[in-house]
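User: Could you walk me through this model, one question at a time? I would like to look at its cysteines, its cores and its cavities.

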Amino acid sequence: MYSICILLGLSACFKVNFMDFLALIFFVGLASSRFSSLNTALGNENYFNVIDYGTRSEGVTDDSQAFLKAWDAACSSAVENPRVIIPQKTFFVNPIKFRGPCKATKITFTILGTIIAPNWPIAWDGLDSSQWLAFDNVNGLNVDGFGTIDGQGKGWWDQSCRYHSQLALKFLSCNGSSLSNTNFINSPQTHVLIKGCNEFEVNNVVIESPRNSPNTDGIHIHSSHNLQITNSKIGSGDDCISIGDYVSNVEISNIMCGPGHGISIGSLGRGGNYVKVEKIHISNAQFEGTTNGARIKTWQVGKGYVRNVTFENLIFMSVKNPIIIDQNYCVPRGSCKQRFLTIFPYCVKETGVRISDVTYKNMYGTSSTKIAINLNCSQSVPCSGIFMQSIQLESAHAGKQVTANCRSAFETPNAKIIRTISDWKKKNTIQTLRPSKAEEQKRRQIIRENKVASTALKFLSCNGSSLSNTNFINSPQTHVLIKGCNEFEVNNVVIESPRNSPNTDGIHIHSSHNLQITNSKIGSGDDCISIGDYVSNVEISNIMCGPGHGISIGSLGRGGNYVKVEKIHISNAQFEGTTNGARIKTWQVGKGYVRNVTFENLIFMSVKNPIIIDQNYCVPRGSCKQQETGVRISDVTYKNMYGTSSTKIAINLNCSQSVPCSGIFMQSIQLESAHVGKQVTANCSSAFGEEENVSPGPCLLKTTP
């Protein structure tokens with residue numbers, strides 16, 4: 001047993017069996033996806049759809065000029081937060097640079113389709129092969145959308161690295177900007193470069209290229225400060241994330257890395273320059289089958305410093321060099337000699353990048369080589385201020401042992417190499433075994449009779465608590481229940497049960513306050529997330545929902561009770577093939593209120609009811625009679641929503657005649673049919689409010705009830 005203090009959202013120290021603990025890994029709730037077509041800007045002056053600027057949209061003809069025209073129009077527009085839209089089609093684009101500054105303080109570039117590069121080196125003849133897509137000097141830029149950027153790099157990988165096209169996507173001097181929810185595949189070289197930027201965020205990206213694709217770093221940072229890279233899955237033929245020179249204040253967390261060369265600081269100082277890298281924090285990452293895990297590498301001829309670096313809460317699965325510092329990086333590898341500069345006749349002056357104040361803590365897993373910890377520091381400029389705590393590494397090969405090698409590395413207390421061998425699981429999965437056919441029939445009968453089927457995991461009166469990085473599959477009923485809790489966080493969970501599994505809500509919240517549910521993928525036979533009674537201050541964001549019944553507030557008031565639900569914020573979610581998208585449902589016999597609710601930045605892919613309020617929920621369905629009681633629904637906002645409906649009615653606000661919905665606000669909503677040639681409509685019954693740039697619409701009643 002080991003006493004372990006970890007920072008995975010848990011504030012307490014506890015005792016666990018080491019091999020049991022190794023069963024835990026981090027899983028980022030991400031998946032690539034495709035979105036349905038948004039073929040027109042639908043008259044909204046904020047939207048600049050590249051199709052309206054002359055794209056061919058068939059993946060063969062060059063669409064670069066249409067992209068530039070759409071960008072120039074958006075960048076020069078005086079509207080607030082203009083948005084360039086790349087709809088769900090395939091676009092062939094030659095090297096292109098989107099230049100700023102722009103008039104608006106914020107501008108969005110939404111990628112819903114696929115952008116492809118020239119596919120063979122010969123196709124780049126006469127083009128600038130140093131870049132493909134670039135944003136230059138654009139502040140307040142947000143690149144988002146669940147589309148794909150395909151560098152088509154295989155032809156480059158098959159020839160010498162020196163002739164490679166450089167990068168899929170560059171951000172040059174883009175301050176206060178972000179990249180989120182985007183897929184990158186097969187860049188000829190580095191997938192994303194962030195250079196000369198300040199205050200930049202990367203969240204929920206997926207990067208994929210083969211293990212043998214040379215120099216295809218996932219994300220490279222250079223001359224930039226105050227960055228966050230979170231909740232992403234990166235696999236490549238080089239570093240998953242690499243940190244170059246003149247970089248400070250970087251937070252990297254919740255990363256799944258593999259294949260690749262790990263997360264690296266460096267290489268630094270190759271040209272003998274003065275290096276400045278500091279305040280780097282890397283946490284909550286998993287490395288699977290990578291060449292390295294936590295790496296710092298500097299060239300022997302360099303000068304300057306790397307300092308104030310923390311690696312913590314890392315898990316290694318058959319990693320060649322889980323923990324490595326190479327302060328003697330040189331070409332050819334292994335040919336380095338300790339270098340001193342003689343100042344005749346008085347003294348010698350050392351060269352080398354000084355590495356100091358580096359912390360490694362809470363690390364577990366296996367090494368595929370004998371040396372699990374390798375600190376190969378310089379004799380002339382030793383590593384100093386190294387601190388290691390709670391590290392347990394063993395061999396990935398049964399019957400083998402691992403060792404540590406520390407050369408010129410000082411202050412390394414409490415480093416532990418555990419030389420025990422046992423099998424350990426790869427995923428922290430909570431699973432209920434799939435029942436037999438007879439058991440399944442019995443379970444369905446129990447549910448039909450309104451008896452209680454089991455919930456996989458309950459949190460009852462757990463305050464200041466969290467759930468993260470866990471997989472749930474095939475619960476008999478609700479997978480996770482949060483009841484009577486205050487200050488509770490859910491992050492990076494994956495929930496899966498079949499579309500036809502009844503009442504298998506992903507997460508249900510009841511009588512709880514101050515919750516966050518983020519960065520998760522949920523598919524079930526019922527609501528992905530459902531919000532019950534007596535709930536307030538809930539933040540739900542970055543959710544992938546499907547299959548299922550959407551994200552629902554309700555049902556509420558079934559027993560005629562007094563309902564209290566308020567301050568609910570749901571944002572940045574994708575719904576694919578679900579019954580509902582953004583739903584509020586209340587029983588006609590209920591009383592009380594649902595108020596101060598916001599749904600924003602949602603994308604729907606063939607959803608039956610993208611936007612729905614059902615204030616007349618009853619059994620059997622459709623048998624409701626207008627009654628004098630009802631839950632009052634007010635101050636509900638819907639904005640920035642795009643996608644397709646699988647039914648004719650894309651917006652359906654079915655409110656009560658006796659207690660109408662009031663204070664409804666709709667803005668920037670574009671929904672169309674998932675079926676070619678079909679139209680969609682909006683239905684608003686007893687729903688009062690205002691709307692701007694909504695299609696289908698208008699729908700809301702203007703007079704206050």
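Analyst: Happy to! One definition before we start: buried means under 20% relative accessible area, exposed over 50%, and partly exposed in between, with a 1.4 Å probe and protein chains only. This is a predicted model, where local features need pLDDT of at least 70, side-chain atom pairs count only at pLDDT 80 or more, and totals for chains, interfaces and linings use all residues. Residues are numbered from 1 along each chain as its sequence is written, and side-chain values use heavy atoms, with hydrogens and water left out.

User: Is Cys377 buried or exposed?

Analyst: The relative accessibility of Cys377 is 0%. Its disulfide partner is Cys383, with S to S at 1.9 Å, where a disulfide is a pair of cysteine sulfur atoms within 2.5 Å. Cys383 also has a relative accessible area of 0%. Because its own value is 0%, Cys377 counts as buried.

User: Which hand does the link of Cys655 and Cys661 have?

Analyst: These two cysteines are joined by a disulfide, S to S 2.0 Å, and both Cys655 and Cys661 are buried. The torsion about their S-S bond is -100°. That makes the link of Cys655 and Cys661 left-handed.

User: And what is the hand of the disulfide of Cys528 and Cys545?

Analyst: The sulfur atoms of Cys528 and Cys545 lie 2.1 Å apart. This pair links distant parts of the chain, 17 residues apart: Cys528 sits in the loop between strand E42 (513-523) and strand E43 (529-531), and Cys545 in strand E44 (residues 535-545); strands are DSSP runs of at least two residues, numbered from the N terminus. Both cysteines are buried. The torsion about their S-S bond is about 80°, so this disulfide is right-handed.

User: Why is Cys406 not bonded to Cys377?

Analyst: Cys377 holds the closest cysteine sulfur to that of Cys406. Cys406 itself counts as partly exposed, at 40% relative accessibility. The bond is missing because the two sulfur atoms are too far apart, at 7.9 Å.

User: Cys485 is in no disulfide either, so which cysteine has the nearest sulfur?

Analyst: Cys485 counts as buried, at 2% relative accessibility. The nearest cysteine sulfur is 4.9 Å away. It belongs to Cys462.

User: How many disulfides does the structure hold?

Analyst: We have met several, including Cys377 to Cys383 and Cys655 to Cys661. The whole structure holds 6.

User: Which residues touch the most other members of the largest nonpolar core?

Analyst: A nonpolar core is a set of buried Ala, Val, Leu, Ile, Met, Phe, Trp, Tyr and Cys residues joined through side-chain atoms within 4.5 Å. The largest one has 87 residues, and a second, separate core of 62 residues includes Val490, Ile522, Ile584 and Leu671. Contact means heavy atoms within 4.5 Å; not counting residues up to four places away in sequence, Phe311 touches Ile265, Ile282 and Tyr360, among others. In the largest core, the residues with the most such partners are Trp71, Phe109, Phe171, Ile219, Phe311 and Tyr360.

User: Which class of residue lines the second largest cavity?

Analyst: The lining includes Phe67, Phe98, Phe109, Leu133 and Val143. Strand E7 (96-99), strand E8 (107-111) and strand E10 (133-136) each give two or more residues to it. Ala, Val, Leu, Ile, Met, Phe, Trp, Tyr, Cys and Pro count as nonpolar, Asp, Glu, Lys and Arg as charged, and the others, Gly among them, as polar. With no polar and no charged residues, the 11 in this lining are nonpolar.

How values were computed: Helix = DSSP H or I, 4+ residues; strand = E, 2+ residues; numbered from the N terminus. 1 Å grid on protein atoms, 1.4 Å probe; cavity = no way out; pocket = protein on both sides within 12 Å on 5 of 7 lines; lining within 4 Å.
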